[in-house]
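Here is a short briefing to read alongside the structure. It goes through side-chain pairings and helix packing, topic by topic.

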Amino acid sequence: MSTLIADTFRVGGEIEIKRLGYGGMQLTGKGVWGDAPDRENAKKVLKAALETGVNFIDTADSYGPHTNEVLIADALHPYPLDLLIATKGGFDRTGPNQWVTNGDPKHIREAIEGSLKRLKVPTIDLWQLHRFDPKFPIEETLAPVLEAVEAGKIRYVGLSEVNVEQITRAEKVIKIVSVQNLYNLGDRKWEEIVDYTEQQGMAFIPWYPLASGPDKLQTKIAQIAEKHGATTSQIALAWLLKRAPHILLIPGTSSLDHLKENMGAVNITLSDEDFAALSK
């Protein structure tokens, strides 16, 4: 089955991964707080993702917090050589659905060290900053990240929810290889960033990729889904895969059935007409 996900992208121009990956956030408790309610099932989902050909998993120290990274290590370590695990840092968690930006260099340093231990890796292949924190200059926030790169603890660095000005400012400190912003069929606020990252050779990782947009889009999606013998979720993912070759997808689920459904998106090739109809 792994041969189905044929479309790949080289992160940092070096690490080749399949464009349809897996996001771990849903393998936590309600409000992304606490461990997965059914830990054994969660481990099965992670293993099944790899069996279907996934070699890119996205997580964060804030998922749980910390429980998601531990779960991934418990389920998959020792990791396959071709697996890229991306994690993030820069949030404090004060309770369910509570996310507090923290760009304090001390916090960032602790986040990196914690992720290394929990994931049981000597090097984090891709470490991403959750948000720019207005309380700290980005140069200060990224200083411990640069130290970690120089020490071989981080291979590549990415950003999340950023504009072009923020990306260029961060790049004066450290090379940026990926951007993770909210983007899907129904929310295209970051269209400019999709185009900018493609021009720069960076990966674009849309979070919340399965959202299919407002009601007015639903009839159109349903018609195209029926034509392809697909689900609306699969069409939403197929649209993103066609949108640009540097888009990497990380749909998350705690269901083996939904995982199988999501992975089926790679078998759908939207025509230019389908794509245009959905893009209006």
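In this predicted model, Arg169 and Glu139 are joined by a salt bridge, with 2.9 Å from N to O. The pair brings together distant parts of the chain, since Arg169 belongs to helix α5 (residues 164–171) and Glu139 to helix α4 (residues 138–150), 30 residues apart. Neither end is fully tucked away: Arg169 is partly exposed at a relative accessible area of 32%, and Glu139 is partly exposed at 34%.

**Salt bridges**

- The count of salt bridges comes to 17.
- Asp58 and Lys88 form one of them through their side chains, at 2.7 Å from N to O. Asp58 sits in strand β4 (residues 56–58) and Lys88 in strand β5 (residues 84–89), so this salt bridge ties together parts that are 30 residues apart in sequence. Both Asp58 and Lys88 are buried.
- Another salt bridge joins the side chains of Glu69 and Arg118, also with an N to O distance of 2.7 Å. Here the link runs from helix α2 (residues 67–76), which holds Glu69, to helix α3 (residues 105–119), which holds Arg118, and the two residues are 49 apart along the chain.
- Are Glu69 and Arg118 buried or exposed? Glu69 is buried, with a relative accessible area of 0%. Arg118 has 18% relative accessibility and counts as buried because the cut-off is under 20%.
- Asp35, Arg39 and Asp74 make up one network, joined by salt bridges that share partners.

**Helix α5 and its packing**

- Which residues of α5 are buried? They are Gln166, Ile167 and Ala170.
- Viewed down the axis of α5, these buried residues fall within an arc of 100°, so they line one face of the helix. As a general point, an α-helix has 3.6 residues a turn, so residues three or four places apart point the same way.
- The packing partners of the buried α5 residues are α4, β9 (154–160), β10 and α6.
- At the start of α5, Asn163 places a side-chain oxygen within 3.2 Å of the backbone nitrogen of Glu165.

**Aromatic pairs**

- There are five aromatic pairs by count. In one of them, Tyr183 and Phe204 meet edge-to-face, at 5.7 Å centre to centre and with 85° between the planes.
- Tyr183 lies in the loop between β10 (176–180) and α6 (191–200), while Phe204 lies in strand β11 (residues 203–204); the pair thus links distant parts of the chain, 21 residues apart. Tyr183 and Phe204 are both buried.
- Why does the pair of Trp239 and Phe275 count as stacked? The ring centres of Trp239 and Phe275 are 5.5 Å apart and their planes are at 15°, so the pair is stacked; the cut-off for stacking is under 30 degrees.
- Trp239 is in helix α8 (residues 232–243) and Phe275 is in helix α10 (residues 272–279), so this stacked pair also links distant parts of the chain, 36 residues apart. Trp239 is buried, at a relative accessible area of 1%.
- Tyr183, Phe204, Trp239 and Phe275 together form one aromatic cluster.

**A charge over a ring**

- Arg93 lies over the face of Trp99, 3.8 Å from the ring centre.

**Two more residues to look at**

- Gln234 has its place in helix α8 and counts as buried at 11% relative accessibility.
- What does the side chain of Gln234 reach? It reaches the backbone nitrogen of Thr231, at 2.9 Å.
- Setting aside neighbours within four places in sequence, Gln234 is in contact with Glu261, Gly264, Ala265 and Ile268.
- Glu140 is in helix α4 and counts as partly exposed at 40% relative accessibility.
- From C-alpha to C-alpha, Glu140 and Glu16 are 31 Å apart in space, and they are 124 residues apart in sequence.

Technical notes:
Residues are numbered from 1 along each chain as its sequence is written. This is a predicted model: local features need pLDDT of at least 70, side-chain atom pairs count only at pLDDT 80 or more; totals for chains, interfaces and linings use all residues. Side-chain values use heavy atoms; hydrogens and water are left out. Rings of Phe, Tyr and Trp (its six-membered ring) pair if their centres lie within 6.5 Å; planes under 30 degrees apart count as stacked, over 60 as edge-to-face and the rest as tilted. Helices (H or I, at least four residues) and strands (E, at least two) are DSSP runs, numbered from the N terminus. Buried means under 20% relative accessible area, exposed over 50%, partly exposed in between (1.4 Å probe, protein chains only). A charge sits over a ring if NZ of Lys or CZ of Arg is within 6 Å of the ring centre and within 35 degrees of the ring normal. A salt bridge is a side-chain nitrogen of Lys or Arg within 4 Å of a carboxyl oxygen of Asp or Glu. The arc is that of the directions from the helix axis to the C-beta atoms. Contact means heavy atoms within 4.5 Å. A polar contact is a pair of N or O atoms within 3.5 Å; within protein, one must be able to donate a hydrogen and the other to accept it, and residues adjacent in sequence count only if both atoms are side-chain atoms.
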